[in-house]
Amino acid sequence: MDIKYLKKNINQKFITEIEYYEELDSTHILAKETNEKISKLIIADNQIGGIGTKGRKWHSEAYKNIAMTLVIFPNCNINKMKNFTIEIAKSIKEAIKNLYDYELTIKEPNDLLLNGKKICGILTEARTLKNSVRELYISIGFNVNEKNFPDEIINIATSLNKEMNKEFNREEIIIEILKYLEILIKKLLANT
């Protein structure tokens with residue numbers, strides 16, 4: 001992962017800091033453990049304990065995919081979070097369509113598919129105080145250049161590389177996804 005390139009080209013106003021780890025148990029767990037009140041993006045090149053929906057493990061081959069968590073502090077009413085994960089999925093779908101003209105499909109509430117197989121998973125979690133969302137964690141696992149999947153998921157998971165038989169630039173994908181997420185987050189924060 002070219003973290004210098006990312007830092008130079010990610011100019012979203014809602015990200016104060018970018019943290020990069022060559023290897024990490026889980027970007028999501030680390031984000032929740034931090035006590036800093038700084039909006040940030042946490043990226044791991046090798047996530048060895050990724051979390052999927054309902055506590056399932058998210059498989060990700062080292063140095064091939066995207067494993068990241070965005071931490072923001074919206075201080076918005078919890079009612080504004082209705083269908084937020086689906087809106088994130090729509091943002092990712094639009095980003096990939098814009099970059100490569102590939103049509104991902106959304107499997108509600110938090111997966112994206114390519115050619116009927118899972119390519120991306122989203123995990124959102126909020127910390128609230130009464131009806132106010134104080135902290136929001138948006139974790140995204142996106143299979144980019146992985147070719148070899150474990151036997152138990154080989155028939156249900158895929159990657160851009162596996163479907164299109166070419167290498168993809170992970171940094172380019174991260175930057176594009178963040179552009180679309182910024183639009184979504186601005187809507188979330190409007191009139192809070």
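Guide: Between two axes, angles under 35 degrees count as roughly parallel, over 145 as roughly antiparallel, 65 to 115 as roughly perpendicular, and the rest as oblique. The model discussed here is predicted.

Visitor: Which orientation do H3 and H5 have to each other?
Guide: The axes of the two helices, H3 and H5, come within 9 Å and cross at roughly 140°. That angle is in none of the ranges for parallel, antiparallel or perpendicular. The orientation of H3 and H5 is therefore oblique.

Visitor: Is the crossing of H3 and H5 left-handed or right-handed?
Guide: The helices touch through residues that include Phe84, Ile88 and Ile92 of H3 and Ile173, Ile177 and Leu188 of H5. The handedness of the crossing of H3 and H5 is right-handed.

Visitor: How many residues of the contact of H3 with H5 are nonpolar?
Guide: Glu87 and Glu94 of H3 take part, as do Glu172 and Glu176 of H5. The contact of H3 with H5 has four charged residues and two polar ones. The nonpolar residues in this contact number 13.

Visitor: Which element gives the largest share of the largest nonpolar core?
Guide: The largest nonpolar core has 47 residues, and those with the most contacts inside it are Leu41, Ile92, Phe142, Leu160 and Ile174. Among the elements that give two or more residues to this core are helix H1 (3-9), strand E2 (40-47), helix H3 (84-100) and helix H5 (170-189). The largest share, ten residues, comes from H5.

Visitor: Is Leu188 buried or exposed?
Guide: Leu188 is in helix H5, and its contacts beyond four places in sequence are Pro74, Cys76, Lys80, Met81, Phe84 and Leu136. Its relative accessible area is 4%, and the cut-off for burial is under 20%. Leu188 is therefore buried.

Visitor: How far apart in space are Leu188 and Asn75, C-alpha to C-alpha?
Guide: In sequence, Leu188 and Asn75 are 113 residues apart. In space, their C-alpha to C-alpha distance is 9.8 Å.

Visitor: Where is Asn165, a residue with positive phi that is not a glycine?
Guide: Phi of Asn165 is about 55°. Asn165 has a relative accessible area of 69%, so it is exposed. Its place is the loop between helix H4 (160-164) and H5.

Visitor: What is the relative accessible area of Asp101?
Guide: Asp101 is in the loop between H3 and E7. Its phi is near 60°, a positive value in a residue other than glycine. Asp101 is exposed, with a relative accessible area of 53%.

How values were computed. Residues are numbered from 1 along each chain as its sequence is written. This is a predicted model: local features need pLDDT of at least 70, side-chain atom pairs count only at pLDDT 80 or more; totals for chains, interfaces and linings use all residues. Side-chain values use heavy atoms; hydrogens and water are left out. A nonpolar core is a set of buried Ala, Val, Leu, Ile, Met, Phe, Trp, Tyr and Cys residues joined through side-chain atoms within 4.5 Å. Buried means under 20% relative accessible area, exposed over 50%, partly exposed in between (1.4 Å probe, protein chains only). Helices (H or I, at least four residues) and strands (E, at least two) are DSSP runs, numbered from the N terminus. Axes are lines fitted to C-alpha atoms, for helices over the stretch in contact, and angles run from 0 to 180 degrees between N-to-C directions. A crossing is left-handed if the near helix is turned anticlockwise from the far one by less than a right angle, and right-handed if clockwise. Contact means heavy atoms within 4.5 Å. Ala, Val, Leu, Ile, Met, Phe, Trp, Tyr, Cys and Pro count as nonpolar, Asp, Glu, Lys and Arg as charged, and the others, Gly among them, as polar.
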